[in-house]
Structure formats: structure tokens, C-alpha cells
Amino acid sequence: AKMARLTIVTLFTLLAGAAAWAPTPQAAFTRTSVVVQNEDGKLGAGGMADTRDPDAKDDDDPRKSISAAPSFEEYLKSRE
């Protein structure tokens, strides 16, 4: 009886260890992200400001404000 119990526990442990390394099945449907860009370039998807080349924007809420970007020359000088 002890040998049978030990055999069952050993087999269960080996199977559980092997299952931990088994690859997970791929989902049948994966969602891809979609980028929406408006014609005027002011607001993108979700009402967020387009940050590709933004103009300075001052808003009452500081989280929505965009400060003026330095010129490329100013950027290079700041790196020195």
C-alpha cells in the first residue's frame, strides 16, 4: 500500500512538473491596436493631443498642457 501511494505521488509530481513547462495554447482571437488620426491633427483617439509635432498648449488643467519644445540646437546644447 505504501509503495502504491509513493508511486501515485511520484507520477503526480512528474506530471505536474511537466505541465508547468507545457506551452500555453494560442488565443483564437487577438486584439490589435488601432491608431486614429484626425485630418486637422489636433486631437487623436480618446481626445488626446497629437504628440508627433505638438504646438504649445496652455490649459487650466496642467496635466493637459503641452510646453513648447526646445529647438534642435537648444536640445544639442543641453546635452553638452
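Here is a short tour of the structure in your viewer, one selection at a time. Keep in mind that you're looking at a predicted model.

**Stop 1: helix H1**

Start by selecting residues 2-20, which make up helix H1. How far apart are its end C-alpha atoms? They sit 27 Å apart, and that agrees with the expected span, because 19 residues at 1.5 Å a residue should also give 27 Å. Now turn on the surface and see how much of the helix is covered. Hardly any: among the 19 residues of H1, the count of buried ones is zero.

**Stop 2: the loop between H1 and H2**

Next, pick alanine 68, which you'll find in the loop that runs between H1 and H2. Is alanine 68 buried or exposed? Its relative accessible area is 59%, so it counts as exposed, the cut-off being over 50%. While you're here, try the distance tool: from the C-alpha atom of alanine 68 to that of aspartate 58 you should get 9.7 Å, for two residues that are 10 apart along the chain.

**Stop 3: a salt bridge**

Side chains of opposite charge can pair when their charged atoms come close. Searching the whole structure turns up one salt bridge. Which residues form it? Select aspartate 61 and arginine 63, and look for the closest N and O atoms, 3.1 Å apart. Arginine 63 is out in the open too: with a relative accessible area of 75%, it is exposed.

**Stop 4: helix H2 and its rings**

Move on to residues 72-79, which form helix H2. Show the side chains of phenylalanine 72 and tyrosine 75, both in H2 and three residues apart, or about one turn of the helix. An α-helix has 3.6 residues a turn, so residues three or four places apart point the same way.

How many aromatic pairs does a search of the whole structure find? The search finds one. Phenylalanine 72 and tyrosine 75 are the partners, with 6.2 Å from centre to centre and 35 degrees between the planes, which makes the pair tilted.

**Stop 5: a nonpolar patch**

Keep those two selected and add leucine 76, which also lies in H2. Together, Phe72, Tyr75 and Leu76 make a nonpolar patch on the surface, with about 320 Å² of accessible area. How open is each one? Phenylalanine 72 counts as exposed at 59% relative accessibility. Tyrosine 75 is partly exposed at 37%, and leucine 76 is partly exposed at 40%.

Conventions. Residues numbered from 1 in each chain as written. Predicted model: local features only at pLDDT ≥ 70, side-chain atom pairs only at ≥ 80, totals over all residues. Heavy atoms only, no water. Salt bridge = Lys/Arg side-chain N within 4 Å of Asp/Glu carboxyl O. Buried < 20%, exposed > 50% of the residue type's maximum accessible area, 1.4 Å probe, protein only. Helix = DSSP H or I, 4+ residues; strand = E, 2+ residues; numbered from the N terminus. Expected span 1.5 Å × (residues − 1). Patch = residues over 30% accessible without salt bridge, like charges linked within 9 Å, V, L, I, M, F, W, Y side chains within 5 Å. Areas by Shrake-Rupley, 256 points an atom, 1.4 Å probe, with all protein chains shown as cover. Phe/Tyr/Trp six-rings, centres within 6.5 Å; stacked < 30°, edge-to-face > 60°.
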